[in-house]
Amino acid sequence: MGHIPLHRRFHFLRESIRDLRSTGSVAPSSRFLCRAMVSKIDPDQANVVVELGPGDGVITRFLLERMRPDTRLLLFEVNHVFVKKIRAAFDDPRLTIIHDSAENMGAHFREQGIETVDYFVSAIPFMSLPESLIARITCRCNDWLRAGGRFIQFHYSPLLLPFYRRVFGPVAVEWVPFNIPPAIVISCEKRSL
Ligand SMILES: C[S@@+](CC[C@H](N)C(=O)[O-])C[C@H]1O[C@@H](n2cnc3c(N)ncnc32)[C@H](O)[C@@H]1O
């Protein structure tokens with residue numbers, strides 16, 4: 001966890017204080033949590049990966065390392081300060097940065113010529129958002145996932161597990177103790193129709 005430079009921790013904390021409800025955390029994810037998230041991705045099966053709520057891009061970096069040279073990565077981020085940071089930090093032709101809420105994913109996918117998504121990797125703090133918004137975003141993810149694709153999300157508590165089971169069916173859970181605070185990674189596979 002000590003690898004995140006102090007200035008990045010400070011910038012993240014400043015954005016959290018400005019809008020804790022949508023940032024949902026006071027520190028970026030640890031490398032242990034980032035690795036646990038991206039380990040659920042099979043690079044051979046990943047043609048289109050979508051990251052929701054990248055913040056300053058801590059998980060994005062791990063995703064780009066894991067992805068093939070021809071895999072596309074689309075990011076949805078609502079916070080303009082984080083969007084600016086990501087645009088400055090990454091220069092990668094696989095990346096498309098979208099400054100909009102994840103609930104509007106459909107319009108952007110159509111514009112980008114995307115027909116299905118193989119993996120959603122989400123850090124959106126659903127625990128602090130209205131239930132109707134959580135339902136809209138997760139149902140849209142389920143609609144856009146190909147059969148066998150995965151929705152991957154982290155949380156600091158298991159409270160929403162029953163909700164994910166209702167949307168996606170069976171949910172796999174991995175505990176990640178080395179994070180502030182300790183987290184769980186949930187992974188849901190889209191069922192065949
Ligand atoms: C807990 S931070 C995660 C940041 C980073 N991915 C990490 O793991 O440290 C949550 C991020 O979700 C973003 N966010 C919140 N609501 C969103 C929405 N509806 N669509 C896209 N991003 C959203 C916030 O702006 C914030 O950057």
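Which helices each supply at least two residues of the shell around the ligand? In this predicted model, they are helix H2 (20-23) and helix H4 (58-66).

The shell itself consists of 23 residues, and the closest to the ligand are Pro28, Ser29, Gly53, Gly55 and Ala123. By residue class, the shell divides into 12 nonpolar, nine polar and two charged residues.

The protein chain as a whole has eight helices and seven strands. Of its 193 residues, 37% are buried. Among contacts with a separation of 6 or more, 70% are between residues 24 or more positions apart.

Helix H4, one of the two helices named at the start, has buried residues at Val58, Ile59, Thr60, Phe62 and Leu63. The elements covering these buried residues include two further helices, H3 (31-38) and H5 (80-89), together with strands E1 (48-52), E2 (72-76) and E4 (117-122).

The packing of H3 on H4 can be described in more detail. The angle between the two helices is about 45°, and their axes lie 9 Å apart. H3 and H4 are therefore oblique to each other, since the angle falls in none of the ranges that count as roughly parallel, antiparallel or perpendicular. The crossing of H3 past H4 is right-handed. On the H3 side the contact is made by Cys34, Arg35, Met37 and Val38, which meet Val58, Ile59, Phe62, Leu63 and Arg66 of H4. These contact residues comprise seven nonpolar, no polar and two charged. Val58, Ile59, Phe62 and Leu63 thus appear both in this contact and among the buried residues of H4.

The table collects the values for two pairs.

| Pair | Quantity | Value |
|---|---|---|
| H3 and H4 | distance between axes | 9 Å |
| Ile184 and Leu33 | C-alpha to C-alpha distance | 8.4 Å |

Ile184 lies in strand E7, and Leu33 is 151 residues away from Ile184 in sequence. Is Ile184 buried or partly exposed? Ile184 has 18 other C-beta atoms within 10 Å and is therefore partly exposed, because a buried residue needs 20 or more. Beyond its neighbours within four places in sequence, Ile184 is in contact with Phe154, His155, Pro158, Val173, Glu174, Trp175 and Val176.

The loop between strand E6 (171-176) and strand E7 (183-189) contains Pro181. The peptide bond joining Ile180 and Pro181 is cis, with omega about -10°. Most peptide bonds are trans.

Terms used: Residues numbered from 1 in each chain as written. Predicted model: local features only at pLDDT ≥ 70, side-chain atom pairs only at ≥ 80, totals over all residues. Near = placed C-beta within 6 Å. Helix = DSSP H or I, 4+ residues; strand = E, 2+ residues; numbered from the N terminus. Nonpolar A, V, L, I, M, F, W, Y, C, P; charged D, E, K, R; others polar. Buried ≥ 20, exposed ≤ 12 C-beta atoms within 10 Å, placed from the backbone. Contact = placed C-beta atoms within 7 Å. Axes fitted to C-alpha atoms, helices over the stretch in contact; angles between N-to-C directions. Parallel < 35°, antiparallel > 145°, perpendicular 65-115°, else oblique. Left-handed = near helix turned anticlockwise from the far one by under 90°.
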